[in-house]
Amino acid sequence: MPSPTERDPPHTAGLLHARPWQVAMVGLGTAATQLDTSVNIAFPAITRGFDLSIGDIQWVVISYVLTYASLLLALGRIGDTVGHALVFRIGLVCSAVALLLVGWSPNYGAMLAFRCLQGVGAALVLSCGAALVTSLYGEERRSRALGIYTMMLSLGLMLGPLLGGALTAAWGWPAVFWFRIPIALAALLLLQGMPASPVRQAGDRFDILGGIALVLGLVTMLLALNRIRELSAVWFGLLSAMAFAAFIYRESRAPRPIIAIGLLRQPGFALLNLVSVLANLAAFSIWLLVPYFLARVPGYTLAEGGAILATAAAGAVLAAPVGGRLAGRYISAERLAIAGAAAIGAGLLWIGAWTEQTPTLLRIAGLAVLGAGVGLFQLAYSDIVTAALPPGDRGVAGSLVLLTRTLGTVTAASTVLMVFEILNTNQGFIEAFQRTFQLAALLAFTAAALLAASPRMR
């Protein structure tokens with residue numbers, strides 16, 4: 001097998017070492033969005049500050065997630081058209097302004113409006129982050145680039161809960177928004193010397209009507225998933241189906257579609273994206289239920305519980321760059337994705353065996369195994385999707401990866417909690433916790449089996 005040096009052409013062999021600063025600044029800009037996990041720890045303070053019920057706090061998350069998830073693909077195509085660096089920089093400016101306004105919010109309604117603006121900024125940044133990193137590495141080192149990018153995403157997720165508690169305790173809930181302003185501005189000021197924007201071809205325009213249909217379809221689909229236990233979910237689902245039908249009709253006739261419809265019709269590619277939703281649905285269950293479990297364990301402070309939970313993201317931080325070096329060189333990205341999904345299942349099964357007497361090290365080990373599985377799966381999935389789309393569609397590729405992850409987490413927020421509540425009605429907390437994670441593990445193993453049976457593996 002050729003050595004890494006032999007595999008890399010001369011013009012890309014040392015590219016990482018030539019542009020480490022730009023890679024770091026893309027990561028720093030992305031961190032401004034991923035650190036939004038710090039907001040979760042501030043929920044009680046926000047609830048008290050605006051005199052809200054616990055049920056109202058969900059809209060702090062929904063307004064943000066709905067906005068950025070619905071805009072990702074459309075903005076990814078815009079980045080492919082006008083330049084990824086330009087869209088990324090506009091996103092950093094928008095994020096900094098939104099973070100300032102959210103922390104300043106005089107009332108709850110204003111806060112939700114500013115959270116939507118923050119979602120726009122996050123979509124602008126996230127839709128082009130992966131494309132920028134891969135452009136700095138070169139095509140032959142694409143897997144390594146995506147491994148680094150996945151690591152940076154996971155690092156933000158890991159640090160958010162650790163920082164959120166300390167910031168809220170010291171300066172109140174606005175601090176979890178304001179501390180990210182200098183991060184976004186530093187990335188904006190220091191992000192220099194990026195590759196030139198792609199040359200725009202004649203007639204290469206963004207399909208506005210298709211984009212409107214896509215955004216409407218995604219917004220109503222996410223609302224349907226969020227309201228899955230209510231009758232309104234049916235109406236949102238019907239509206240989403242009609243919007244997606246209009247999107248498919250439009251894109252099948254557009255000279256420059258947002259995403260090629262023919263690609264979505266390929267069974268292997270469609271199944272791959274379904275598997276991503278399932279794997280992320282299963283993995284996100286830890287962020288919903290493990291905090292409540294750790295709160296029941298005598299002897300853990302809030303900070304210690306947060307640090308234990310953060311080991312899941314730490315596993316992804318460590319595994320993603322390793323997977324980036326392995327993918328396509330020593331193991332195919334498809335097989336790495338199967339291994340990642342299986343590791344997610346193993347970690348969930350391990351967590352599903354916890355009792356109140358389980359040693360702390362064994363709890364950390366289970367979370368780390370799951371996190372490593374997430375890191376490997378996300379890296380491999382990103383590599384497969386990026387390879388399947390033309391180089392000129394890198395913004396769309398990165399956006400599709402983040403979109404399927406978001407669909408999985410939104411679905412988890414509704415279904416995992418619903419399953420746990422049903423089980424907890426008839427069983428004790430510990431048994432309901434264990435059964436829920438055993439079902440989540442089954443879902444992850446199913447995702448691995450589906451991917452193994454995919455036509456892409458034959």
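Mentor: Helices are DSSP runs of H or I with at least four residues, and strands are DSSP runs of E with at least two; both are numbered from the N terminus. This is a predicted model, in which local features need pLDDT of at least 70, side-chain atom pairs count only at pLDDT 80 or more, and totals for chains, interfaces and linings use all residues. Residues are numbered from 1 along each chain as its sequence is written, and side-chain values use heavy atoms, with hydrogens and water left out.

Trainee: Is Ala 254 buried or exposed?

Mentor: Ala 254 is found in the loop between helix 12 (232–251) and helix 13 (261–264). A residue is buried under 20% relative accessible area, exposed over 50%, and partly exposed in between (1.4 Å probe, protein chains only). The relative accessible area of Ala 254 is 16%, so this residue is buried.

Trainee: How far apart in space are Ala 254 and Ala 440?

Mentor: In sequence, 186 residues separate Ala 254 and Ala 440. From C-alpha to C-alpha, their separation in space is 40 Å.

Trainee: Over which residues does pLDDT stay under 50?

Mentor: pLDDT is the predictor's confidence in each residue, from 0 to 100. The protein chain averages 83, and 91% of the residues score at least 70. Where pLDDT is low, the predicted coordinates should not be read in detail. The model has 24 contacts (heavy atoms within 4.5 Å) beyond four places in sequence for the stretch with pLDDT under 50, residues 1–18.

Trainee: Which helix gives the most to the largest nonpolar core?

Mentor: A nonpolar core is a set of buried Ala, Val, Leu, Ile, Met, Phe, Trp, Tyr and Cys residues joined through side-chain atoms within 4.5 Å. The largest one here has 142 residues, and Leu 348 and Phe 433 have the most contacts inside it. Leaving aside residues up to four places away in sequence, Leu 348 touches residues including Ile 286, Leu 370, Phe 437 and Ala 440. With 16 residues, the helix that gives the most to this core is helix 7.

Trainee: How many residues apart in sequence are the parts that Asp 36 and Arg 115 tie together?

Mentor: Asp 36 and Arg 115 form a salt bridge (a side-chain nitrogen of Lys or Arg within 4 Å of a carboxyl oxygen of Asp or Glu), with their closest N and O atoms 2.9 Å apart. Both residues are buried, and they are linked with Arg 180 in a network of salt bridges. Asp 36 lies in the loop between helix 3 (20–34) and helix 4 (43–49) and Arg 115 in helix 7 (residues 108–137), so the distance in sequence between the parts they tie together is 79 residues.

Trainee: With which residue does Arg 296 form a salt bridge?

Mentor: Arg 296 lies in helix 15 (residues 285–296) and its partner in the loop between helix 17 (333–351) and helix 18 (360–388), so the pair ties together parts 60 residues apart in sequence. Arg 296 counts as partly exposed at 42% relative accessibility. The closest N and O atoms are 3.8 Å apart, and the partner is Glu 356.

Trainee: In which helix do Glu 431 and Arg 435 lie?

Mentor: The side chains of Glu 431 and Arg 435 meet in a salt bridge, at 3.6 Å from N to O. Glu 431, at 36% relative accessibility, counts as partly exposed, and Arg 435 is partly exposed at 33%. The two residues are four apart, about one turn of the helix, and both lie in helix 20.
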